[in-house]
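Hi everyone, thanks for making time for this. I'd like to walk you through one structure, and I'll go topic by topic.

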Amino acid sequence: MKVGDLVTLSAAGRKITQNFEVREGFGVIVKMCDESNAAYPIFCHWVGGERDVMSFKRYELRRMKSGG
């Protein structure tokens with residue numbers, strides 16, 4: 001994954017209670033930190049949820065598939 005990718009919650013991400021505010025919609029990765037220094041290294045601007053920006057671990061996200 002890289003900055004600019006469109007993402008949704010993975011199956012594991014949907015099971016995590018703290019992600020209830022972003023179960024709807026999709027996100028755009030806006031920043032990625034070094035995973036060894038950050039607990040939640042991926043920052044996403046979320047569209048269609050109850051929060052604007054959230055941070056995630058890699059396994060909580062999956063890339064959106066193109067609609068073609």
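Let me start with a question: how many disulfides does the count come to? Before I answer, please keep in mind that what you see on the screen is a predicted model. The answer is zero disulfides. Take Cys33, which is in no disulfide: its nearest cysteine sulfur belongs to Cys44 and is 11 Å away. Since a disulfide needs two cysteine sulfur atoms within 2.5 Å, that distance of 11 Å rules out a bond between Cys33 and Cys44. Looking from the other end, Cys44 is in no disulfide either, with the sulfur of Cys33 as the nearest one.

And how do these cysteines sit with respect to the surface? Cys33 is partly exposed, and its relative accessible area is 28%. Cys44, on the other hand, counts as buried, at 0% relative accessibility. The cut-off for buried is under 20%, so Cys44 meets it with its 0%, while Cys33 at 28% does not.

Now to the sheet. Here we have five strands in an open sheet with antiparallel pairing, and the order reads S4-S3-S2-S1-S5. At the edges you find strand S4, residues 53-56, and strand S5, residues 61-63, each of which pairs on one side only. On average, neighbouring strands are turned by 45 degrees against each other, if you ignore direction.

A quick reminder on what holds such an arrangement together: strands of a sheet pair through backbone hydrogen bonds, either parallel or antiparallel. For one pairing in detail, look at strand S1, residues 6-9, and strand S2, residues 26-32, which pair in the antiparallel sense over two bridges. There, Val7 stands opposite Gly27 in S2.

Next, the rings. How many aromatic pairs does the structure hold? There is one, and Trp46 and Phe56 form it. Their ring centres are 5.5 Å apart with 45 degrees between the planes, which makes the pair tilted. Trp46 belongs to strand S3, residues 42-47, and Phe56 to strand S4, so this pair links distant parts of the chain, ten residues apart. Are the two partners buried or exposed? Both Trp46 and Phe56 are buried.

Finally, something for those of you who like cations over rings. The charged end of Lys31 sits over the ring of Phe43, at 5.5 Å from the ring centre. Lys57 has its charged end over the ring of Tyr40, and here the distance to the centre is 5.3 Å.

That's my tour, and I'm happy to go back to any part of it. Thanks for listening!

Definitions and conventions: Residues numbered from 1 in each chain as written. Predicted model: local features only at pLDDT ≥ 70, side-chain atom pairs only at ≥ 80, totals over all residues. Heavy atoms only, no water. Buried < 20%, exposed > 50% of the residue type's maximum accessible area, 1.4 Å probe, protein only. Pairing = 2+ DSSP bridges. Helix = DSSP H or I, 4+ residues; strand = E, 2+ residues; numbered from the N terminus. Axes fitted to C-alpha atoms, helices over the stretch in contact; angles between N-to-C directions. Phe/Tyr/Trp six-rings, centres within 6.5 Å; stacked < 30°, edge-to-face > 60°. Lys NZ or Arg CZ within 6 Å of the ring centre and 35° of its normal.
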